[in-house]
Amino acid sequence: MCWRYVEIFLSASASLTDRASHAGYVVRFLRVWRASALQSRSASTAFISRETYIDVVLSCHHAVLLMKATRDFTPNQAVHLEQSGSDCCEDFFSANGSFVVNKHVYNFQDLLRNASKMNRLTEITSEKDGLILTKRHKKQENIWMKDRSSQDQQDDRLTILKQHPTDTELVTAWRRGIAEANADLKLLLGMLEHVHKCVIPLFC
């Protein structure tokens with residue numbers, strides 16, 4: 001399951017329909033696992049935290065919805081799932097806390113006072129010949145944004161990410177992921193035997 005989740009956002013070759021299938025697999029796997037843990041009253045010891053569960057499920061739905069939104073509103077653009085997420089927001093709010101003085105508690109007025117300057121600094125660093133500002137600490141560097149593949153591999157990947165699937169293809173891929181998750185859960189863990197009849201919505 002973990003491999004499939006990583007593939008949704010960071011695969012170098014998976015198509016968008018494959019990524020939608022992985023998303024369906026991950027959501028189904030987690031929901032059956034959670035139902036099994038709750039029924040056996042072992043959710044606190046045999047399951048991931050509630051926050052992690054919610055974040056992963058929401059991110060899977062977000063990935064499919066981003067595919068649909070990109071197809072409908074910017075069909076000429078590739079779906080760069082590796083660039084999605086809340087890291088940019090967390091960086092912004094963290095930087096605001098240390099923009100003038102190093103503090104983590106600030107009010108809305110402090111945020112407004114710094115926002116325009118911070119946005120301008122971000123604009124400068126995003127220009128083609130702009131400044132390159134490193135993170136304050138090596139641990140904060142985002143290694144996933146560094147594409148080490150060849151130019152041909154990057155071009156092939158870009159072509160794949162511009163092949164936008166239809167709604168029917170996305171639904172079919174999602175359901176395929178659910179079916180694969182059911183098969184793996186039954187074969188490897190036997191969880192489905194302990195879960196009562198489970199209603200599967202379109203995007204469960």
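**Notes on an all-helix predicted model**

1. Going along the sequence, the pattern reads α-α-α-α-α-α-α-α. That comes to eight helices and zero strands. Keep in mind that this is a predicted model.

2. Some overall numbers next. The protein has 204 residues, and 32% of them count as buried. About 13,800 Å² is exposed, with carbon and sulfur atoms supplying 57% of that area. If you take contacts between residues at least 6 apart in sequence, 67% of them join residues at least 24 apart.

3. Have a look at Ser11, which sits in the loop between helix H1 (2-10) and helix H2 (16-39). Is Ser11 buried or exposed? Its relative accessible area is 1%, so Ser11 is buried, the cut-off for buried being under 20%.

4. What does the side chain of Ser11 do there? One polar contact goes to the side chain of Glu7, at 3.1 Å. The Ser11 side chain also reaches the backbone nitrogen of Ser13, at 3.2 Å. Setting aside neighbours within four places in sequence, Ser11 is in contact with Val6, Arg19 and Arg157.

5. Arg4 is worth a click too. This residue belongs to helix H1, and its relative accessibility is 15%, so Arg4 counts as buried as well.

6. Which residues does Arg4 touch, if those up to four places away in sequence are not counted? They are His22, Tyr25, Val26 and Glu180. As for Val26, it lies 22 residues from Arg4 in sequence, while the C-alpha to C-alpha separation in space is 7.1 Å.

Note on methods. Residues numbered from 1 in each chain as written. Predicted model: local features only at pLDDT ≥ 70, side-chain atom pairs only at ≥ 80, totals over all residues. Heavy atoms only, no water. Helix = DSSP H or I, 4+ residues; strand = E, 2+ residues; numbered from the N terminus. Buried < 20%, exposed > 50% of the residue type's maximum accessible area, 1.4 Å probe, protein only. Polar contact = N/O pair within 3.5 Å; in protein donor to acceptor, adjacent residues only side chain to side chain. Contact = heavy atoms within 4.5 Å. Areas by Shrake-Rupley, 256 points an atom, 1.4 Å probe, with all protein chains shown as cover.
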